[in-house]
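Visitor: Got a minute to walk me through this one? I'd like to go piece by piece.

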Amino acid sequence: MTDILEQVSRYGYVNEAVADDIDLISEINRLKKEKNAVILAHYYVDGAIQDLADYIGDSLGLSQQAAATEADMIVFCGVHFMGETAKVLSPHKKVVIPDLNAGCSLADSAPADKFAEFKARHPDHIVISYINCSAEIKALTDIVCTSSNALHIVNSLPKDQKIIFAPDANLGRYVSKKTGRDMVLWDGACIVHIDISREKLQKLREENPDALLIAHPECKEDVLMQADFVSSTTGLLKFVQENDADKFIVATEAGILHKMKQSVPHKKLLPAPATDNNTCACSECPYMKMNTLEKVYNALLYEQPEIIVPEAIRVKAYDSVARMLELSKGI
């Protein structure tokens with residue numbers, strides 16, 4: 001095990017070669033049963049991982065599953081802050097992720113020390129933080145929210161309550177506009193959503209005038225203003241399932257298209273184009289793509305890399321996440 005821990009320290013994941021003759025999916029399912037483990041996966045990870053996960057969802061649904069699971073081990077296929085959130089909610093369970101390097105540009109945009117100073121300058125404000133943040137930020141937060149419940153949580157507070165909203169300024173502006181609340185915003189952003197090209201998107205819309213544009217609220221305001229529908233990843237998935245339109249331009253991380261195509265194979269789904277050219281001509285999260293079947297297998301087999309959250313931080317973070325879950329019952 002010392003060698004495995006050294007690998008994790010050096011690479012951020014278990015760097016053990018997997019034999020060519022191993023059926024990864026069968027072995028992952030066997031290990032999962034043997035170890036009473038559950039695999040939670042975000043909509044943005046590779047489709048092969050989504051297909052073998054016990055639960056696929058957005059941040060709210062994944063948090064609810066992490067809090068409710070009776071498994072002994074959680075394998076969280078997403079990014080680092082998601083594994084942290086699972087550990088905050090289930091401290092007595094072992095939480096592992098396939099790759100510690102799978103971070104989040106949005107979470108990284110809010111260093112805890114600088115945010116603590118920012119918070120101190122607004123002592124009469126309550127702090128609502130988007131779940132895409134570190135455990136340290138959650139520990140400085142009064143209520144965590146997700147894109148699924150942000151409007152609900154802000155509306156649940158008295159109208160005269162002053163609010164700091166962090167770390168996503170685009171989501172904050174969207175919530176402020178929808179609720180009429182004048183909130184103090186931390187200036188953070190997700191590289192995936194702000195990389196959607198306005199010019200390329202306009203060209204795509206001109207080429208597909210019959211397509212509805214649906215967008216995640218982490219997108220820039222100029223994208224949201226022209227969108228036909230704005231919601232969380234789960235909300236976008238539900239919309240394409242229920243709406244009568246046959247064609248959609250999807251402005252969020254392209255991983256959601258996997259589940260959408262499975263749900264509505266007869267509909268045309270077009271990813272919103274990214275500013276930078278890449279292999280898919282769409283907006284992809286490089287951190288989510290660090291999750292691979294080989295790393296999932298090794299994480300299950302060796303039970304590493306393990307997520308550890310210091311107890312003093314975990315307890316404070318738990319209060320803000322638990323308040324979100326309480327306010328989100330029924331959503």
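Visitor: Let's start with Phe165: which residue stands opposite it in β8?
Guide: That's Leu185. Keep in mind that this is a predicted model. β7, residues 162-166, and β8, residues 184-185, run parallel and are joined by 2 bridges.

Visitor: And how does the chain get from β7 to β8?
Guide: The path goes through helix α10, residues 169-179, and this β-α-β crossover is right-handed.

Visitor: What else pairs with β7 in the parallel sense?
Guide: Strand β5, residues 125-130, does, over 5 bridges. One pair to look at there is Ile126, which stands opposite Ile163 in β7.

Visitor: How many residues of β7 are buried?
Guide: 4 of its 5, so the strand is mostly covered.

Visitor: OK, switching to the cysteines. Which ones does the UniProt "binding site" annotation cover?
Guide: Cys104, Cys190 and Cys285, according to the UniProt record, which is an unreviewed entry. They're spread over 182 residues of sequence, yet they cluster in space, with a largest C-alpha distance of 9.3 Å. Cys104, Cys190 and Cys285 are also part of the lining of the largest cavity.

Visitor: Where does Cys104 sit, and is it buried or exposed?
Guide: You'll find Cys104 in the loop between β4 (94-96) and α6 (105-108). Its relative accessible area is 11%, so Cys104 counts as buried. Setting aside neighbours within four places in sequence, Cys104 is in contact with Val79, Phe81, Asn132 and Tyr287.

Visitor: Same for Cys285: where is it, and why does it count as buried?
Guide: Cys285 is in the loop between β12 and α16 (293-302). It counts as buried because its relative accessibility is 10%, and the cut-off is under 20%. Not counting residues up to four places away in sequence, Cys285 touches Val192 and Glu253.

Visitor: You mentioned β12. What's the strand order in its sheet?
Guide: The order is β10-β9-β11-β12, an open sheet of 4 strands with parallel pairing. β10 (229-230) and β12 (268-271) are the edge strands, each pairing on one side only.

Visitor: How many bridges link β9 and β11?
Guide: There are 4 between β9, residues 212-215, and β11, residues 247-251. Ala215 has Ala251 in β11 as its bridge partner.

Visitor: Which strands does helix α12 touch?
Guide: α12, residues 198-207, packs on the sheet and touches β9, β11 and β12, with its direction at about 175° to that of β11. Helix α15, residues 256-263, also packs on the sheet, touching β9, β11 and β12, and its direction makes about 175° with that of β12.

Methods:
Residues numbered from 1 in each chain as written. Predicted model: local features only at pLDDT ≥ 70, side-chain atom pairs only at ≥ 80, totals over all residues. Heavy atoms only, no water. Buried < 20%, exposed > 50% of the residue type's maximum accessible area, 1.4 Å probe, protein only. Pairing = 2+ DSSP bridges. Right-handed = clockwise from strand over helix to strand, strands pointing away. Contact = heavy atoms within 4.5 Å. Axes fitted to C-alpha atoms, helices over the stretch in contact; angles between N-to-C directions. UniProt positions renumbered as here; feature names shortened; annotations may be inferred. 1 Å grid on protein atoms, 1.4 Å probe; cavity = no way out; pocket = protein on both sides within 12 Å on 5 of 7 lines; lining within 4 Å.
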